[in-house]
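Visitor: I have this chain open and would like to go through it with you, helix by helix where that helps. Could you take me through it?

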Amino acid sequence: MKYAIAVVGSGPSGLYVADALVRQWPDASVDVFDALPTPYGLVRGGIAPDHQNTKAVIRALERTLARDGTRFFGNVEIGRDLQYDELKGAYDLVILSVGAEHDRPLGIPGEQLPEVYGSAAFVGWYNGHPRYRNLNPYLGGASLAVIGNGNVALDIVRLLAKTPTELATSDLSSHAAHAIANSSIRDLYLIGRRGPVEASFTPIELAELGELQRCVTLVDPAALSATVGAHVPEKEIKVRQRNLDILRGFSERTIDAATMRIHILFYAAPSSIVGDDHVRGLLLDRTRLEGGNALRTGEQFELAVDTVIAATGYRTVSPPGVPFDEKRGVIANTDGLVEDGVYASGWCQHGPRGVVGTNRTDATALIKRIAADLEQTPRSPGKPGGAYVDRLLAERAVQVVDFEAWRRIDAAEVANATHPKPREKFVTTEALLDAARLAH
Ligand code: NAP
């Protein structure tokens, strides 16, 4: 069927969906939109810059974007350059894969202080996301706390602990590399409101904290008496056990000659961020677990810290007009269906969980669902698709970054890097658009 299909978002979710769509309907034209001039979403802007192997998935995503019948519309934001209703009018099917790019507030007093950051902003800053280029997080104190026990929290403490030599082969943005190299932070606190068994770390990432050149990772052995209990899902048991083993290894370490320390604290829920004009500390409630849930015991303690980063999850900001589920922070949907002809996939559908590959499984399931819906309620192709959108965007003088233009940005970023750095990202929209315009 010659369906005209729009996919909004060119991260792993959108591109795995684009791939699955073409497999299902080889004649379909698939137009992939992104608000940024660059594709690949969190693979470019989220995955840690020192995890270049994980970023290699870009090669597969690129094949999807380069395929005949698939077009990239970079620098086109739905709600700014093109409206949701126009999209629905132009395409037979619309798939929203806009991710969950914004920080979920912690909701505690002191959160508005200037040295408090959400992980979306902080990760965006070190990864050269244009929105966060000017975040300039305060790294001039002695101590920094990262709240949350997920992989994002691990990424943040690891990057802050690494030396310039350890980061040399990463594509950490230069402004962040400079700030991290000049940071005076010596103590990093990684804080979980539940225990070691409940942490959502993956073992490979956790073990990396044991391999840092100048930093030792410490954990109180008393916090590790937990066993993998009944509330842990069967498929998670091995991973949680492995995490416990790694943490036990950390608990046997001493400070030695390390110049930096990562302290992993469990059973500590943030109560408030202390300080009048600036962060002076973090007040925490000790917790105990009941049925896997953290209950505050009433006992409190304060950590003297100068900067706080909340790595506690993300929420979706959906394009104007798209039905939104405020409570869950995702696009309102029933198993992916948003409304007639419109579907959601990935983090904007089910919230921020899973790794890159999870999107592939999700995409296959969604396309199966769409095919079943179309069998039940057939829909003839016939909407104008990209040709109509081209006209609208030209009338509005939008500089669309197509796949070839993205290739020019890509080549320029690679050319601008000094070996062994793989690329030097452009970190403003203007610079990206300039590079997109340049001829080879
Ligand atoms: P996550 O794994 O859901 O971790 C969020 C953490 O924040 C949890 O420890 C959670 O505790 C805690 N939290 C939430 N609200 C809190 C509050 N009000 N106070 C204190 N703690 C709070 O999410 P993530 O680290 O943001 O990662 C998102 C997804 O990306 C995950 O699926 C992750 O695996 C994936 N990712 C993977 C990699 C990798 O594979 N290398 C790297 C980065 C991200 P509770 O558990 O108690 O709710």
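Guide: Before we start, one term: a residue is called buried when its relative accessible area is under 20%, and exposed when that area is over 50%. Please also keep in mind that this is a predicted model.

Visitor: Fine. Which residues are buried in α13, then?

Guide: In α13, which spans residues 386-395, the buried residues are Gly386, Val389, Leu392 and Leu393. Viewed down the axis of α13, these buried residues fall within an arc of 120°, so they line one face of the helix.

Visitor: Why would positions with that sort of spacing share a face?

Guide: An α-helix has 3.6 residues a turn, so residues three or four places apart point the same way.

Visitor: And which residues are exposed on the other side of α13?

Guide: On that other side, Ala387, Arg391, Ala394 and Glu395 are exposed.

Visitor: What covers the buried residues of α13?

Guide: The cover includes the strands β2 (29-34) and β3 (70-74), together with helix α5 (84-90). Val389, which sits in α13, makes a good example, because at 1% relative accessibility it counts as buried. Setting aside residues up to four places away in sequence, Val389 touches Phe33, Phe73, Leu82, Ala90 and Tyr91.

Visitor: How far apart are Val389 and Thr364 in space?

Guide: From C-alpha to C-alpha they are 27 Å apart, with their positions 25 residues apart in sequence.

Visitor: What happens just after α13?

Guide: Just after α13, Ala397 takes a positive phi of about 55°, although Ala397 is not a glycine. Ala397 lies in the loop between α13 and α14, and it counts as exposed because its relative accessible area is 66%.

Visitor: Where else does a residue other than glycine have a positive phi?

Guide: Asp335 is one of them, with phi near 45°, and its place is in the loop between β17 (330-331) and β18 (337-339). At 63% relative accessibility, Asp335 counts as exposed.

Visitor: Back to the helices. Which residues of α4 and α14 make the contact between them?

Guide: The axes of α4 (residues 58-66) and α14 come within 11 Å and cross at roughly 145°, and α4 passes α14 in a left-handed crossing. The contact is made by Glu62, Leu65 and Ala66 on the α4 side, and by Phe403, Arg407 and Asp410 on the α14 side. By residue type, the contact divides into three nonpolar, no polar and three charged.

Visitor: And after α14, what's in the loop that leads to α15?

Guide: Pro420 is in the loop between α14 and α15, and a cis peptide bond joins His419 and Pro420, with omega about 10°.

Visitor: Which side of α15 is buried, and what does it pack against?

Guide: In α15 (residues 429-437), the buried residues are Leu432, Leu433, Ala435 and Ala436. Seen down the axis of α15, they fall within an arc of 160°, so they line one face of the helix. These buried residues pack against α2 (41-45) and α14 (403-416), while Glu430 and Arg437, on the other side of α15, are exposed.

Visitor: Changing topic: how many residues of α6 are buried?

Guide: Helix α6 (residues 119-126) is mostly covered, with eight of its eight residues buried; among them are Phe122, Trp125 and Tyr126. α6 is followed by Gly128, whose phi is positive, near 75°.

Visitor: Then there's Ala142, further along. Where is it, and what is it in contact with?

Guide: Ala142 is in the loop between α6 and β7 (143-147), and it is partly exposed, with a relative accessible area of 41%. Leaving aside neighbours within four places in sequence, Ala142 is in contact with Ser184, Ile185, Arg186, Asp187 and Asp306. Ala142 and Leu188 are 46 residues apart in sequence, yet 8.7 Å apart in space, C-alpha to C-alpha.

Visitor: Last one: what domains does the assignment give, and how many residues are in contact between them?

Guide: The domain assignment gives domain 1 as 4-101 + 316-437 and domain 2 as 109-308. Their centres, taken over C-alpha atoms, are separated by 31 Å, and 23 residues of domain 1 are in contact with 26 residues of domain 2.

How values were computed:
Residues are numbered from 1 along each chain as its sequence is written. This is a predicted model: local features need pLDDT of at least 70, side-chain atom pairs count only at pLDDT 80 or more; totals for chains, interfaces and linings use all residues. Side-chain values use heavy atoms; hydrogens and water are left out. Buried means under 20% relative accessible area, exposed over 50%, partly exposed in between (1.4 Å probe, protein chains only). Helices (H or I, at least four residues) and strands (E, at least two) are DSSP runs, numbered from the N terminus. The arc is that of the directions from the helix axis to the C-beta atoms. Contact means heavy atoms within 4.5 Å. Axes are lines fitted to C-alpha atoms, for helices over the stretch in contact, and angles run from 0 to 180 degrees between N-to-C directions. A crossing is left-handed if the near helix is turned anticlockwise from the far one by less than a right angle, and right-handed if clockwise. Ala, Val, Leu, Ile, Met, Phe, Trp, Tyr, Cys and Pro count as nonpolar, Asp, Glu, Lys and Arg as charged, and the others, Gly among them, as polar. Domain bounds come from an automatic or database domain assignment.
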